[in-house]
Structure formats: structure tokens, C-alpha cells
Amino acid sequence: MKAWLVAIAVLVVVHDFSHANVAPAFGVAPAFGVAQAFGVAQAFGVAQGLGPAVPVFTKDVAPLLVDRCATCHHPGGSAPFSLLTYADAKRHASQIAVVTTNRFMPPWKADPADGPFVGQHPLSAGEIGMLRQWADAGAPEGDALRQAQGRRAPASPVWTDGWQLGKPDLVITLPQAYTLPAEGTDAFRIFVLPIPVATARFVRGLEFRPGNPKVVHHANIRIDTTPASRRLDEADPAPGYDGLIPRSATYPDGHFLGWTPGQVAPLLPNDLSWRLEKHTDLVVELHMQPSGKPEQVSPSIGLYFGDTAPTRTPVMLRLGRQNIDIPAGDANYTITDSYTVPVDVEVEAVQPHAHYRAHDVRGEATLPDGSKKALIDIADWDFRWQHVYRFVTPMRLPKGTTLSMRYTYDNSAANARNPQQPPARARWGQLSAEEMGDLWIQVVPRDGRDLDLLSRDFRPKVAAEDVRGYESEIEKHPGDTGLHNDVALLYLELGRADHAVAHFQTSVALKPQSAVAHYNLGTALTVGRRLDEAAGEYREALRIDPAYANAHNNLGNVLLAQQRFDDAIREFREVVRLQPESAAAKKNLAAAIAAAEKKPHD
Amino acid sequence: MYHRSVIFLPLLAILVQALSGAPVDALQAPAGAKAIVFLFTSTECPISNRYAPEVHRIAKSFASKGVVFRLVYPSPSEDAAAIREHMAAFSYAGSADAVRDPKSALVKFVGATVTPEAAIFANGRIVYRGRIDDRFVDLGRERPAPTERDLFDALTAVVAGTPVPHATTQAVGCFISDLVR
């Protein structure tokens, strides 16, 4: 952090000399410990009698472009064009002046006072003014010395052309490129890629390469250990699918995955890696901006493995609301949420998420002593730049600290990004025309005990919020059995079996011939201690699918609870017959037989 | 400013280059044409390129009404081969023809500052100059869909013989001053 502050100071000082065009500068410049080259450049300008000094590419502009822009704006980088050579920069001089003045570039939305975060390189007002002067002066190149050096920017490169984290241990690519249509403002497509590992591995890093930086704008990445995502992808004959990432696709063990241009998550230390199981799928949602002609899109993902199991595991906290309901035209709709941590934690990173109507995004921590620390402040939220903000030094927060968020939305016509014109009521939902408001906070507890405490304390909060989201989705799609089933499972987790039963009953009504639907309903009824009804549902499931081993098993358990031992044993025998290799089935049968022998009235 | 001078000097020719390299008068319309739409563009400007499907749509809507579309490439470094390649990539054949304006003769005549920027030449003068629509509010700020289709509305007025609603609008895109450096 300090290093770049010094660098800025030096640049500004040198730049000021060029303006004043004063001779004593030559004597002073080396005293700052700057490369001698700055002094030499100055000498050339004066010797050639260029008159009143204006900023020039070689001396003033190039060092800035290399330091702040070239990470993305280099040949093969993630930006749509390079800014490395004079010829490149000159062709964008006015554009550079405009987009730095309006703070569109460099794309850093957080208040510069927050953090410090990894990769935070804001331009100072003086630097932006200099770029404007340079463009207005006709984008002069500067001295001949630099031209002789091949017109390359003088400072050493801060990027590499290939993988930023080095050669990956495993590279995953799309088997077939996706063709992005010519037209549209924002396009989304979800790709599901099996991760071919023969054994479980410990992942220290994931690097995403967009493949076609002209159109790929950001990537939302999750992993799915269930076949849910894969099935959605397989149902669409073209590469990937349109729609939503299923809830079974998650961040692994509390780690962020994802990519925005210019950001590469650093490799994790071995003790903080995450465990990748066999048969896991990578779920990659690409946000793309069509270019005006059909484009081939073929991103690749590199994985980096460590040798040892992690000893620390982060927890991904999520503040936010899923009952968002913004009236049409409301320019100042606010949501708030908070959570008090029951253990000491270190905040590693934060990532705000919202769609097009959010404009003011804030997160902060209030310590037990009442003092406050900013987590993130974004005064002009832009959906297109959803960075993960990683603290250079993790923020230590004691037990009892309250994490809070406050997001404000503009659903009026004055918000140019509003996806609905004229504005319409906007409710919570994952589609980009709907609205969201989450603040993800990655924290690392001190040890395994605290991890467990925190996870168990936090889980009901997030499950309750997810329930609100599902209920809102179900209002929109009342016939979607998947939604009813998912929310029913959440209700079971929250100990509200009655609500779970109601949703599974709806699923049964929608799909009366589904053995699974009856089985699920039976399970919820069992949890709700409505055993006779539960047995009825299991029997219905078995009437439809007599070989449904889990239904036999659960029916056996109900019968056991009703002390109908012979009937229970019959069911467990059937499970063993259907699953002769299952140790659990044999164990259940043995337990039932043992219970029958001990029955009190015999 | 310039289009006023046209009223006084109606015979003024604005010399640009055909892709063959031959000098041509940009204002010379094919027989029967009611209006020429100049569309200032560049092979590299992403904003111009993203408008290609909309340009095709507008060109198609007015093709039978005596409106011709002419792409204007002001960058001296974009040669005929690069332009032909660009037109093929974005399927401009059939929608528009193209001229080079390496000396910015037409840029100055129209007062164009960015790509994409449109100008309509009809009845011996420029009757509209500005954006295609209001999708781009600023560099980095974009509407999901336009709320004003200025070029379309101006052409509708020209074809109907009624006044153009807004004779000039502010276009957002890549600066021509950068392209001609």
C-alpha cells in the first residue's frame, strides 16, 4: 500500500516540474530516488525547445498506463484494446480523458478510503487532470530517446500474457465454443463443466480466462456436487443453458469464486485451501456484452492444487433481503440487514451483489465498544463491476461485532440502467430484470470450535431469508414443484414441519403420479409426527414404484415407531433384498429384529 | 454552421474517397434517393459495432422509401481492405455502402465528433445530426433498451415531409479526434 502511495507522489512531483518547466527540477528529481530516466526525459524536452511543457506520453502518460491500466489493457489481456504503445494510447487519448474523469475507468467502485483492498489502484485528481491536458494538447509522444527504445512504456510490465498465477495443475475448457448472438445489451449463459479429478484434491486457486475479452464481461462461478446443474445444461442442445444457477451450486467451503476483468484471486495458503471432491461440476455463469456480430466464446479455467488438507475454513456470511419489493418510480427504496458474530473473526473479503436499480451500497462493522469500521462503500453501484474486495490485511473483529448492510435502490425513470421503462414494480429474483441485495462477507474463525459455533448460529438466519426468496418465487411460479420441494426442505431445516408438509402436498397435487413426491411428503409428515398419514404416503409411493428402497426403509421406521414390528421387519427385509450391498440396510433390519425381541408386552 | 453554408452554396462538393480510391462527392445521391444517411464509424469502435444490428434494421425499414445509408470511415489508418473486411464481419452488404474520409472533409461539414454518429442529408442540407438512439448515456453508462429512437424518428419525419423533431442530439461513442490523430 505504502509503496504505491510513494509512486504516485513521485509521478505528481515530476509532472509538476514539467509544468513549471523550471531548471532546478533536474537537481531535485534524483533525490526522490526516482529512476534517472525521468530526469533525462526532462532534459530532452527542454533541449529541443518545445516551449511551455505539456504532459507527454513517454514521461507522464506511459508510466501511469502501465501501472494502472495495462493489467487488462495489454495485448491478449482482458480489456478490449491495449494501451501499451504510443500508437495504442494516442488512438484513445480523448476517450481515456473522459472515462477517467467520469471514473468509469479504472473500474473501481469502492470508496478509496475503504480497505485497503488487493488490486486497489485509484487515479488521483491530479493524474486525471494530466490525462485530460495530454489529450487536449493533441496527445504528444515526447522525446526521441523513448522512441528509440521501441515506444514501449518505460516501467517494467506488471502482467504476463498467459496464466497470471502460473501454469495450472488442471485446465478445464468448454468442449465446444458457445456462439453469442450479435445483439443485446447484457447476455447471460450458464455452462456446467465436469472437473476431471480421480481423487479429492485441495484447491489453492482458480483462474478464469475469458477467451474472448471483447464480449466476456464477468463470470460468476460455483461448484455443484449434485447432478442438478448438469441436467439443466444437458437439457439445452447448445453449449450451456439460459436460466438460473440452481441452489445446489454453491461457493466451496466459504471461498469466493468468480472473475471480473483485472482481478485474479491470489493463490491461497495451503492451510486455507478447499476440498474438491470427485464428480464435482464447475458452474460458470458468463455475463457477456454482444459485439454487433456473432462471437465465439470459449473461456478456460485453471485450477491450482495444494498437497495438504486445510486447517482453517472460512465461513461465507450473507447479509441481505429476499423480500425486496420496490414500487414503480420509487427513487429511494432502502433495505437493511445485520448479524452479530458470536465468535472472533477475521474478515478476508466482501462482495456486494445487486442488479440494475441499486445505486448506493454500504456495509459496516460495529464493534462491541461502539466503534465502526467500513466494510464497503459504493456510491454509484454498477452491476457490471462486481468485484470481490479482498482486504490486504484481514480485518479482525471481536465476538459481539455487528455486521450490517444498507442498500438503496432507484426504480425511477431517471435511473438510466433501469431495465423497465416505464418503471414497474420490482421484486426479489435472480433474473437481471428483477432485483437482489446481498452482501457476502468471508470470515475466518479462530479454530474448529468457533467455526462450528458460527456456522450453526448463522445457518438459521440465511435459511429464513432463503425461505422468503422461495415464497416470492412460488408466487410467480406456483406450478413449479422444484421450488415447492426446495422450500419444504428449508422449512424442515428450520423445524417448521407443518409448512414443509403444505409445500410437499402441493407437489403431490401437481404430480400425483410421482413416487418421489409422495415419499417427500411422507418424510415431512414423519418429522411432524403424523405417522399414520406418513405411512399412507410411503405406501402410495411404493404402489407407484414398488422397488423404491428408501420408501420401504422410511415406512419401516414409521412402523417401528408404531411398534408394528412384524410389518417393520418386512419392510426392512425388502430394503435388504433391493440393496443387498448396503450395510446400512442390514443394520436397520438387525435393529428392527432386536427391537421386536425386546418389545415390552411380550 | 456548415450546413448553413450549403444553403448559400448549393453546388459545394464534399470530397471523400470511394473504396476504389477514387474521389467522390459524398453528397451525390443515387438517382431517386430522397435522403442520404451518413453513419460515421470505425472498424475498431465497440460502440459503433454494437449498433450494427440496429443500423441494418433502420436501413431495411427505409430502403424502399428512397433513403440510402453510407458508412463513413474517418480514420486515415483504416484502408479499403480493412473496411471491406469490417463490412463483411458485420454484414453491412445490402444495408449500406461505404466511403473513406481521411481528410475529415465530411466530418467537418457535418460537425461529427464520435462514432457512431448519424447525419441525414436531405433537400440539400443536413437535417439531422447526432445519436442513433439514446441507449448510451455516457461512456460506461448504458440503458438496457433505448427510450428514444432519434435516427428512426428523424427519418420517419424526412420521408413524411414533416420537420425533424430534434435536429441535433448528443452522440456517445469513440472520439473521431482520437481516430484521426
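Start with strands E14, E19, E16 and E17 of chain A: in that order they make an open, antiparallel sheet of four strands. Keep in mind as you go that this is a predicted model. Colour E14 (333-340) and E17 (372-378) of chain A separately, as these are the edge strands, each pairing on one side only. Sight along the sheet and compare neighbours: on average they are turned by 15° against each other, direction ignored.

Now zoom in on the middle of that sheet. Select E16 (358-366) and E19 (402-409) of chain A, which run antiparallel and are joined by eight bridges. Which residue of E19(A) stands opposite Arg362(A)? Show the side chains and you'll find another arginine, Arg406(A).

**Next stop: another sheet of chain A**

Select E12, E21, E15 and E18 of chain A. Here again four strands form an open sheet, in the order E12-E21-E15-E18, with antiparallel pairing. Which strands stand at the edges? Look at E12 (315-320) and E18 (389-397) of chain A: each has a single partner strand, so one side of each is left without a neighbour in the sheet. Neighbouring strands in this sheet are turned by 30° against each other on average, ignoring direction.

For a closer look, pick E15 (345-354) and E21 (437-445) of chain A. Nine bridges hold this antiparallel pair in register. Go to the end of E15(A) and select Ala354(A), which has Gly437(A) of E21(A) standing opposite.

Before leaving, add helix H10 (448-476) of chain A to the view. H10(A) lies across E12 and E21 of chain A, and runs at about 30° to E12(A).

**Pull back: the domains**

Colour chain A by domain. The bounds to type in are 2-148 for domain 1, 170-306 for domain 2, 315-472 for domain 3 and 474-597 for domain 4. Hide everything except domains 3 and 4 of chain A; their centres, taken over C-alpha atoms, are separated by 37 Å. Where the two meet, eight residues of domain 3 of chain A are in contact with nine residues of domain 4 of chain A. On the domain 3 side, that contact has five nonpolar, one polar and two charged residues.

**Three helices of chain A**

Select H11 (481-493) and H12 (497-510) of chain A. Their axes come within 8 Å and cross at roughly 160°. Are H11(A) and H12(A) roughly parallel or roughly antiparallel? An angle over 145 degrees counts as roughly antiparallel, and H11(A) and H12(A) are therefore roughly antiparallel to each other. The crossing of these two helices is left-handed.

Turn on side chains along the H11(A)-H12(A) contact. From H11(A), the residues include His484(A), Val487(A) and Tyr491(A), and among those they meet in H12(A) are His503(A), Phe504(A) and Leu510(A). By class, the residues of this contact are eight nonpolar and seven polar, with no charged ones.

Now swap H12(A) for H13 (515-527) of chain A. H11(A) and H13(A) pack at an angle of about 15°, and their axes are 11 Å apart. That angle makes H11(A) roughly parallel to H13(A). H11(A) passes H13(A) in a left-handed crossing. Select Asn485(A), Ala488(A) and Leu492(A) on H11(A), then Asn520(A), Ala524(A) and Val527(A) on H13(A): these make the contact. They divide into four nonpolar, two polar and no charged residues.

**Across to chain B**

Show both chains and select the residues where they touch. How many residues does each chain give to the contact? Chain B gives 23, and chain A gives 23. On the chain B side, elements giving two or more residues include helix H2 (46-50), helix H3 (52-62) and helix H7 (176-179), along with strand E9 (136-138) of chain B. The chain B side divides into twelve nonpolar, four polar and seven charged residues.

**Last stop: backbone details**

Stay with chain B and centre on Pro116(B), in the loop between E6 (114-115) and E7 (117-122) of chain B. A cis peptide bond joins Thr115(B) to Pro116(B), with omega about 0°.

Then go back to chain A and the loop between H6 (93-101) and H7 (125-136), where Pro106(A) sits. The peptide bond from Met105(A) to Pro106(A) is cis, with omega near -15°. Arg103(A) lies in that loop between H6 and H7 of chain A too. Check its backbone: phi of Arg103(A) is near 65°, a positive value in a residue other than glycine.

Notes: Residues are numbered from 1 along each chain as its sequence is written. Chains are lettered from A and ligands numbered from 1 in the order in which they are written. This is a predicted model: local features need pLDDT of at least 70, side-chain atom pairs count only at pLDDT 80 or more; totals for chains, interfaces and linings use all residues. Two strands pair if DSSP finds at least two bridges between them. Axes are lines fitted to C-alpha atoms, for helices over the stretch in contact, and angles run from 0 to 180 degrees between N-to-C directions. Two residues are in contact if their C-beta atoms, placed from the backbone, lie within 7 Å. Ala, Val, Leu, Ile, Met, Phe, Trp, Tyr, Cys and Pro count as nonpolar, Asp, Glu, Lys and Arg as charged, and the others, Gly among them, as polar. Angles under 35 degrees count as roughly parallel, over 145 as roughly antiparallel, 65 to 115 as roughly perpendicular and the rest as oblique. A crossing is left-handed if the near helix is turned anticlockwise from the far one by less than a right angle, and right-handed if clockwise. Domain bounds come from an automatic or database domain assignment.
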